[in-house]
Structure formats: structure tokens, C-alpha cells
Amino acid sequence: MILMHKGGFVEHPRVSFIFHMAIPKSTPKKWLPLYESGLLKHEKKPDVDNLLKLYLDCLDGLLFEGDQRVSLGNCIKLYSSQPRTVIMIQETTPTVSPLELSDLVRAEVFGISSFSQTEYQPELENDSLLDD
């Protein structure tokens, strides 16, 4: 499914990925339940950055125009008995919201550790600067 917005593209997409990777055929039977649980991290090749590049390049021109406005959400590789890639896309704003960040990053950027969704409303003196 391709998400279309306004003029056809998502202007400020936040893209998250779950890469469900195949379970190796050589996996011992006693380990299969763990691999099939969907909770075991895949820590072998291909590297996650190479997968990201591939998928972002494929989405460029379909979902967004150029990847300079893409912000990356969560990304993880897991073993699965049903290999697939799940891509989640959210429309965001030009200003970062605390809700887009992990607790650790939020504390560094905003100097605080928790926000409610209704508490944070950034005020900008000139909203037209964001349109560039």
C-alpha cells in the first residue's frame, strides 16, 4: 500500500521497519521455539543499514520525493518462520515532537524525561520559515 498525501507525497515521513528474517535451516530443533517466537534478534548479514538504504531507495518517488525529509523510526531485524518486511509510515511535522523520540533521546534534546501528548505544542514565531 502506498500512502498518498496532499500533492501525492508525504512531506515529512517517519519510517519504521521490522525485518522478519528467515530461520536458518541448520537451526537445531531444540532452538526452534525461540527462533519461531519472533523475539530473537537477527544479528547476521545483511546489515540493517543496507536494508534501510534499499527500502528507502525503493520508496523514493513513490511515497516521498527525496529522502532528505525522512526521519527514521524504530528498526529491527528478527527471526521469523514467515519472512517479510513490515514498513510503518507516519506523517510528521517539520518540528520534532517529544513523542517521536525514545526516552533517552527525548531527555537529551528537551532536557526532560516525560511528556503527555497534549502538553507539548511548539510555538514558532514565523511558521512560513518551515515551508522552505
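Let's start with Tyr 79, which counts as buried at 4% relative accessibility. Keep in mind that the model you're looking at is predicted.

Now for the aromatic rings. The count comes to four aromatic pairs. One of them joins Phe 19 and Tyr 55: their ring centres are 5.6 Å apart and their planes sit at 50°, so this pair is tilted. It's a link between distant parts of the chain, with Phe 19 in strand 1 (residues 13–22) and Tyr 55 in helix 2 (residues 48–59), 36 residues apart.

Back to Tyr 79. Its ring pairs with that of Tyr 35, with centres 4.7 Å apart and planes at 55°, so here too the label is tilted. Why tilted? Planes under 30 degrees apart would count as stacked and over 60 as edge-to-face, so an angle between those cut-offs gets the remaining label. Tyr 35 lies in helix 1 (residues 32–36) and Tyr 79 in strand 2 (residues 71–80), so the pair ties together parts that are 44 residues apart in sequence.

How buried or exposed are these four residues? Here's a quick look:

| Residue | Relative accessible area | Label |
|---|---|---|
| Phe 19 | 1% | buried |
| Tyr 79 | 4% | buried |
| Tyr 35 | 18% | buried |
| Tyr 55 | 23% | partly exposed |

Tyr 35, at 18%, still counts as buried because that label covers anything under 20% relative accessible area. Tyr 55, at 23%, is partly exposed.

Which residues do ring pairs link into a cluster? They are Phe 17, Phe 19 and Tyr 55. So if you find Phe 19 in strand 1 and Tyr 55 in helix 2, look for Phe 17 as well, since ring pairs link it into the cluster with them.

Notes. Residues numbered from 1 in each chain as written. Predicted model: local features only at pLDDT ≥ 70, side-chain atom pairs only at ≥ 80, totals over all residues. Heavy atoms only, no water. Phe/Tyr/Trp six-rings, centres within 6.5 Å; stacked < 30°, edge-to-face > 60°. Helix = DSSP H or I, 4+ residues; strand = E, 2+ residues; numbered from the N terminus. Buried < 20%, exposed > 50% of the residue type's maximum accessible area, 1.4 Å probe, protein only.
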